[in-house]
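Let's take a quick tour of the empty space and the cysteines in this one. Have a look at the model first, then read on.

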Amino acid sequence: MPAKSYSFRFTACTLLVLLVTKAGFGLTGAFGDRMVTNLLSYFQDAMLVLLSAGLLALTERVAPAWLKPFFRATFILWVALLTIMSLAYTPLIPDILRQPINLFSLDPAIITFSAGLFVSPLLLASAFGFIALLFGLPVVLAAHIRPASPWVWAACLLQTALFFGSLWQPVVSPLVYSLMEEAAALGRRTHNEYGIGTLEPSPDAAKGADYSFLFRPRPALPATASRYSRVVVLVMESVDYDALMRQFNEPGSEFPKRFDGHCVSYSNYHCLNLESYTGLLTLLNGVFIPYRAYGDDSSFSFVNDRDNLVRDMRGAGFTPWFVSSYGAWQARFVPDGPDWEGILLKDPEKNAGFVSVDTNHMERAVEDFAVLEDVVDLCRRPGKTFIMQEMVAGHSPIWTEETGIEPLAYYDRYFTRLYDRLAQEGLLEGTLLAITSDHGPRPRPTDPDSYHLPLLLISPDLTPGTEKGFLSHLDFAQILWAEISGGPPPREAERIFVVGSSVSFVYGMLGRDGTYALIDDHAFRVSTNMPITGVRPFQIEFEGYLSYFEERRKKAAPGPQAPLGDKIIIR
């Protein structure tokens with residue numbers, strides 16, 4: 001680059017502004033106290049800027065003069081985009097460390113959905129101001145530093161050393177991580193030992209196939225009297241079976257002392273989706289949803305119109321309530337919305353005595369303890385009551401930072417307190433508590449243990465025991481109804497299909513005999529204990545289910561159209 005080149009000054013200013021901004025976030029505690037990870041992300045992203053500058057310098061040596069302005073303009077726009085992306089993900093570093101993101105694997109609908117969570121007039125104004133600074137600062141910057149000066153070479157060498165030193169796992173920068181993942185994915189596609197391809201619906205595979213083990217027919221529920229006046233379903237966030245059992249074995253764990261002697265534990269119970277919305281839909285409606293949960297839900301929203309556990313409970317004389325300490329924006333992700341008597345949510349501004357998080361629309365919530373007394377109040381009501389509480393602890397690492405309590409320890413305290421309050425109010429008799437999780441840990445979608453969930457049924461009248469049958473969220477309604485009414489328990493399935501999180505589309509199969517196959521559809525990463533020759537036939541069967549599911553969507557009858565606004569209660 002020429003000594004007084006705008007491109008050179010733009011590069012220098014970009015690196016300086018990026019460093020000052022990321023370090024400033026760390027020093028001021030903005031988005032948490034994360035100086036080390038902020039700097040690591042800087043070293044990684046700055047290397048992309050330097051490599052881009054090196055490529056421009058090489059291009060200018062060989063390109064004809066009339067093409068050089070085009071290359072310079074392209075370089076400046078590319079580096080500006082890198083810088084904006086680098087700063088945009090900085091607030092999300094804790095979530096990225098927990099679940100690394102390959103940007104190339106994201107669905108466009110997810111990108112649009114995510115932008116809607118964070119974009120605001122203030123953010124847009126700040127972005128335009130930052131862009132103006134980025135482009136304007138090089139104009140006024142003194143041009144006395146030459147690209148080939150010893151200081152520039154020393155800075156480049158230092159940056160290169162810091163970049164390679166920062167590449168321990170996990171890589172902080174999603175920009176660098178995505179490039180590394182794409183390089184590895186290219187190798188797997190080139191040497192494709194499993195013979196798999198990118199997932200596509202297959203009408204031919206669906207012909208004659210029986211998918212009733214995934215799209216359950218609604219069971220004929222027995223018209224018998226209920227054993228319980230109150231049924232409370234507590235749905236934890238991202239908790240797998242082994243993690244909860246370890247928590248309950250901790251010396252300081254209090255809740256096991258409460259339920260000891262009257263708990264039935266399901267030790268071989270599973271989810272089918274690693275996202276909350278689709279996980280709850282499966283739990284209530286008995287349908288496996290083979291898509292990402294967030295973005296465009298038009299491909300599976302018809303499942304909300306299907307007969308479901310909420311309607312079953314209402315038909316049995318229960319008044320159904322959905323309760324959560326999420327904010328009002330979360331109402332759009334309440335499953336079977338029109339079927340609830342009420343949807344009780346929380347406004348952080350009205351609950352100043354509790355910890356709250358407000359990093360974006362989806363995370364806007366108050367801690368779970370804010371709704372505990374609401375649950376108790378609903379249990380006091382005359383008649384029969386069915387309550388489902390979607391819990392928030394653990395949804396983001398920020399909850400641990402704000403409360404100072406790990407999610408599992410928090411749940412232990414919450415369950416203990418709720419149990420004690422019900423006992424104080426004389427409400428334990430006649431109450432059935434069902435404790436499960438919406439899904440397991442999202443960061444490990446190719447680990448079969450991520451789909452293994454706890455399910456506990458607790459009541460003073462229960463005979464303690466452990467159920468070891470291979471069951472899942474598809475069976476939850478029948479499990480609950482069998483306990484409530486004395487009906488038959490569900491039969492074990494031979495296998496289930498599963499889908500990972502919205503970030504990385506992983507799909508797979510878990511078998512009753514312990515076999516599994518989990519496939520990353522973008523990266524072609526396969527985790528399996530099946531013979532190599534069995535993976536492609538499974539993929540074809542999954543493609544058949546995609547076609548089957550779409551046919552069910554086309555044939556689905558519309559459900560109740562009651563406006564949710566009449567049911568939402570914000571406290």
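Start with the residues around the largest cavity: Glu367, Asp368, Val392, Ala393, Gly394, Trp399, Thr400, Thr403, Ile405, Pro407 and Tyr410 make up its lining. Keep in mind that this is a predicted model. Which elements give two or more residues to that lining? Helix 15 (397-403) and helix 16 (407-424) do. Helix 15 holds the largest share, with three residues.

As for chemistry, the lining is a mix: six of its residues are nonpolar, three are polar and two are charged. The volume enclosed comes to about 60 Å³. Searching the whole structure for cavities of 30 Å³ or more turns up two.

Now for the cysteines. How many disulfides does a search of the whole structure find? Zero. Cys263 is in no disulfide, and its nearest cysteine sulfur belongs to Cys379, 18 Å away. Cys379 is likewise in no disulfide, with the sulfur of Cys263 as its nearest, 18 Å off. A disulfide needs the two sulfur atoms within 2.5 Å, so a pair 18 Å apart doesn't qualify.

Here are the two side by side:

| Cysteine | Relative accessible area | Nearest cysteine sulfur |
|---|---|---|
| Cys263 | 9% | Cys379, 18 Å |
| Cys379 | 1% | Cys263, 18 Å |

Buried or exposed? Cys263 counts as buried because its relative accessibility is 9%, and the cut-off for buried is under 20%. Cys379 is buried too, at 1%.

Note on methods. Residues numbered from 1 in each chain as written. Predicted model: local features only at pLDDT ≥ 70, side-chain atom pairs only at ≥ 80, totals over all residues. Heavy atoms only, no water. Buried < 20%, exposed > 50% of the residue type's maximum accessible area, 1.4 Å probe, protein only. 1 Å grid on protein atoms, 1.4 Å probe; cavity = no way out; pocket = protein on both sides within 12 Å on 5 of 7 lines; lining within 4 Å. Points joined across faces, edges and corners; volume = space filled by probe spheres on them. Helix = DSSP H or I, 4+ residues; strand = E, 2+ residues; numbered from the N terminus. Nonpolar A, V, L, I, M, F, W, Y, C, P; charged D, E, K, R; others polar.
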